[in-house]
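Hi,

Here is the structure I promised to pass on. Have a look at it first, and my notes follow underneath.

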Amino acid sequence: MADIKKIAVLTSGGDAPGMNAAIRSVVRTAVYNNIEVMGIKHGYNGLIQGQFISMNARSVSNILSVGGTILKTSRSLEFMKPEGRTKAFKNLKKHNIDCLIVIGGNGSFTGAIVLQKEHDINIIGIPGTIDNDINGSDYTVGCSTALDTALDAIDKIRDTVNSMERIYVIEVMGREEPFLALRVALAGGAEDVIFPQTEYDIDKMCDDMRAGHKRGKLSWIIVVAEGVATAHDVSKRIHDNTGFEVRPLVLGHIQRGGGPNAVDRILASQMGKMAVEAAIRGEKNKMVGIESHKEVLTTFEKAIKKDKTRTMLNDNVYKLTKILSV
Ligand code: F6P
């Protein structure tokens, strides 16, 4: 057991539904264990600027169902520089913080690794990102709600797709990880997906569409994972090739918004508690996660690594989408 008297919590990187539920769980688990807790506003930027606030059980009332993050968040350029990290460390020391809990994704954990290498500070991570691109947890906080949100949009677009017998190309977020694009395509009954790690062939896709038209299949939804191609570009190429009416749509930051669903509220609540308990045990440089229903800890280094299993799972989801779109 470590002698933990005071912890701090921040959210960093892109906001994700369920971050508030995670903050609430961290704060209340700390209070339950007689540990003082401070919130840091605006992620690593606020850590550098000393934006610390005292928190208690009541400071996190009524936030369980609210989207975004009450602590605000940022992508900090200053934290990428050693001088910025030194300022951040000094502020942690000034406030006598024994452990920092970081709720965020890849970039946030990369920052945590560097801070810990340069300075003597314990950090515990909670994976909070819609991208689900982290090893060491089956799901990250936010990805389930983001999937629901994207699916809701696709279901609505499907009404126009069917009624007007058009082709829609829908661009879905997810950085380099096609988790969201592939799952929403399967759940939304899309006809095809363009995503990283596979070759895509627009000419073949257009041949399929022409053949589909002959069979009476006149409505198509193509999902595009951001970063591989843009919805506008793909739409234009399909239209130029086939002459069919094609409309592009970018779902964008809508996917990050809204209150967390039940899955994310539960996951965030579990992970917040796990993070504080890991801090109490003296764990450091690790992320909490849930894999196959088991609570696990993973080093930040392993958490942010590219993973082959994920690529295999993605391929299987893609194959299923294609089979079901026959
Ligand atoms: O990591 C979450 C995410 O929404 C990604 O899916 C996306 O690529 C990125 O953040 C967008 O970042 P920003 O909000 O800075 O535009």
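Let me start with one residue: valine 31, which you will find in helix H1, the stretch covering residues 19-32. Please keep in mind that this is a predicted model. Valine 31 has a relative accessibility of 34%, so it counts as partly exposed. Setting aside neighbours within four places in sequence, valine 31 is in contact with Val37, Asn56 and Ala57. For a sense of distance, try valine 31 and threonine 242: their C-alpha atoms are 63 Å apart in space, with their positions 211 residues apart in sequence.

That brings me to the overall build. The C-alpha trace spans about 70 × 35 × 35 Å along its principal axes. In secondary structure, the protein comes to eleven helices and eleven strands. Its radius of gyration is 22 Å, close to the 20 Å that the globule rule gives for 326 residues, so the protein is as compact as a globular protein of that length. Buried residues account for 54% of the 326. If you take contacts between residues at least 6 apart in sequence, 76% of them join residues at least 24 apart.

How is the protein divided into domains? The assignment gives domain 1 as 6-142 + 260-305, and domain 2 as 144-256. Their centres, taken over C-alpha atoms, are separated by 34 Å. Where the two meet, 14 residues of domain 1 are in contact with twelve residues of domain 2.

Serine 144 is worth a click while you are there, since domain 2 is listed as 144-256. Serine 144 lies in helix H5, and its relative accessible area is 16%, which makes it buried. Leaving out neighbours within four places in sequence, serine 144 touches Asn261, Val263 and Asp264.

Next, tyrosine 44, which sits in helix H2 (residues 43-49). Is this residue buried or exposed? At 5% relative accessibility, tyrosine 44 counts as buried, because the cut-off is under 20%. Not counting residues up to four places away in sequence, tyrosine 44 touches Leu10, Ser12, Ser74, Ser76, Phe79, Val102, Ser108, Gly111 and Ala112. Threonine 73 is 29 residues from tyrosine 44 in sequence, and their C-alpha atoms are 8.1 Å apart in space.

Helix H6 (residues 179-187) is another one to look at: it is mostly covered, with seven of its nine residues buried. Which residues of H6 are buried? They are Phe179, Leu180, Ala181, Leu182, Arg183, Val184 and Ala185. Note that an arginine, Arg183, is on that list. What do the buried residues of H6 pack against? Their partners are helices H5 (143-164) and H11 (308-324), along with strands S6 (167-172), S7 (192-194) and S8 (220-225). Just after H6, glycine 189 takes a positive phi of about 65°.

Last, the surface and the charges. The accessible surface comes to about 14600 Å², and 53% of that belongs to carbon and sulfur atoms. There are 42 positive and 38 negative side chains, and the centres of the two sets lie 5 Å apart.

That's it from me for now.

Cheers

Notes: Residues numbered from 1 in each chain as written. Predicted model: local features only at pLDDT ≥ 70, side-chain atom pairs only at ≥ 80, totals over all residues. Heavy atoms only, no water. Helix = DSSP H or I, 4+ residues; strand = E, 2+ residues; numbered from the N terminus. Rg over C-alpha atoms; globule rule 2.2 N^0.38 Å. Buried < 20%, exposed > 50% of the residue type's maximum accessible area, 1.4 Å probe, protein only. Contact = heavy atoms within 4.5 Å. Areas by Shrake-Rupley, 256 points an atom, 1.4 Å probe, with all protein chains shown as cover. Lys, Arg positive; Asp, Glu negative; His and termini not counted. Charge placed at Lys NZ, Arg CZ, Asp CG, Glu CD. Domains from an automatic or database assignment.
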